[in-house]
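Student: Got a minute to go through this one with me? I'd like to talk pockets, then helix packing.
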Amino acid sequence: MTKLASHLYLISPLDVGGDFADRLARALDAGPVAAFQFRVKDVDEHAAAKLADPLQRICADRDVAFIVNDSVSLAKRLGADGVHLGQDDGSVADARQRLGRDVQIGVTCHASRHLAMEAGEGGADYVAFGAFYPSGTKETKHRAAPELLAWWSAVFELPCVAIGGITPENCAPLVTAGADFLAVSGAVWANGQGLDEAGAVAAFLRTIAEAPPRETEGLGDLRADDADVEPD
């Protein structure tokens, strides 16, 4: 099997009830997916845990990392593979202390080199940049450019995730720029191209496999001291 330059990181819609477990299984069976992020809002922890249970089992059966969005306490309760922290969700150090050394911790860094370096120094396992495109999933206050991914991957070994409005039609420049993971939601669960979730995953994987390779010439000029000095 061809080694992919970027890997898929699926993010759930806010509504994960009804037949969503079946939809998730179909998506994960359509091709290699690295991670699934459980993202629900305005639900208490007990209810969230009940919703997460079948989805976590589906991921475990397919060796897909199960990541909890925002909540360290829910991640601990579920024994999740990881937690994704926004800028207002607490520190990496606190999450590490509560969850242990083996849990994956990711941090939203918007379009800020400063925040990403801070997260890496704090012990994060990956950083997430975006939004790269307009998104119908959530409000996008920060816009990032592919050059940010190129800079990060040239300077640091810590994996980076691209997020925000990513579709099979627009993801190739992000793959070429150096995104280790593409975080996708609406393009899989609410695809406007007539594809179901399995078709959308397959379309992403085709584009990733066919994306032009990253050009490394000139990346040595992208220095850490070009980074923004104030957090976004």
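Tutor: Sure. One definition to start: Ala, Val, Leu, Ile, Met, Phe, Trp, Tyr, Cys and Pro count as nonpolar, Asp, Glu, Lys and Arg as charged, and the others, Gly among them, as polar. Also, this is a predicted model.

Student: OK. What volume does the second largest pocket have?
Tutor: About 180 Å³.

Student: Which residues line the second largest pocket?
Tutor: The lining is Leu85, Gly86, Gln87, Gly90, Ser91, Val92, Ala93, Val107, Leu115, Glu118, Ala119 and Gly122. Two elements give two or more residues each: helix 4 (92-99) and helix 5 (113-122).

Student: Which helix gives the most to that lining?
Tutor: Helix 5, with four residues.

Student: And how many of the lining residues are nonpolar, polar and charged?
Tutor: Six are nonpolar, five polar and one charged.

Student: Switching to packing. At what angle do helix 1 and helix 9 pack?
Tutor: About 30°, with the axes 8 Å apart. Helix 1 spans residues 20-29 and helix 9 spans residues 197-210.

Student: Roughly parallel or roughly antiparallel?
Tutor: Roughly parallel, because angles under 35 degrees count that way.

Student: Is the crossing of helix 1 and helix 9 left-handed or right-handed?
Tutor: Right-handed.

Student: Which residues make the contact?
Tutor: Helix 1 brings Arg23, Arg26 and Ala27. Helix 9 brings Glu197, Ala198 and Val201.

Student: How do those contact residues divide into nonpolar, polar and charged?
Tutor: Three are nonpolar and three are charged, with no polar ones in the contact of helix 1 with helix 9.

Key
Residues numbered from 1 in each chain as written. Predicted model: local features only at pLDDT ≥ 70, side-chain atom pairs only at ≥ 80, totals over all residues. Heavy atoms only, no water. 1 Å grid on protein atoms, 1.4 Å probe; cavity = no way out; pocket = protein on both sides within 12 Å on 5 of 7 lines; lining within 4 Å. Points joined across faces, edges and corners; volume = space filled by probe spheres on them. Axes fitted to C-alpha atoms, helices over the stretch in contact; angles between N-to-C directions. Parallel < 35°, antiparallel > 145°, perpendicular 65-115°, else oblique. Left-handed = near helix turned anticlockwise from the far one by under 90°. Contact = heavy atoms within 4.5 Å.
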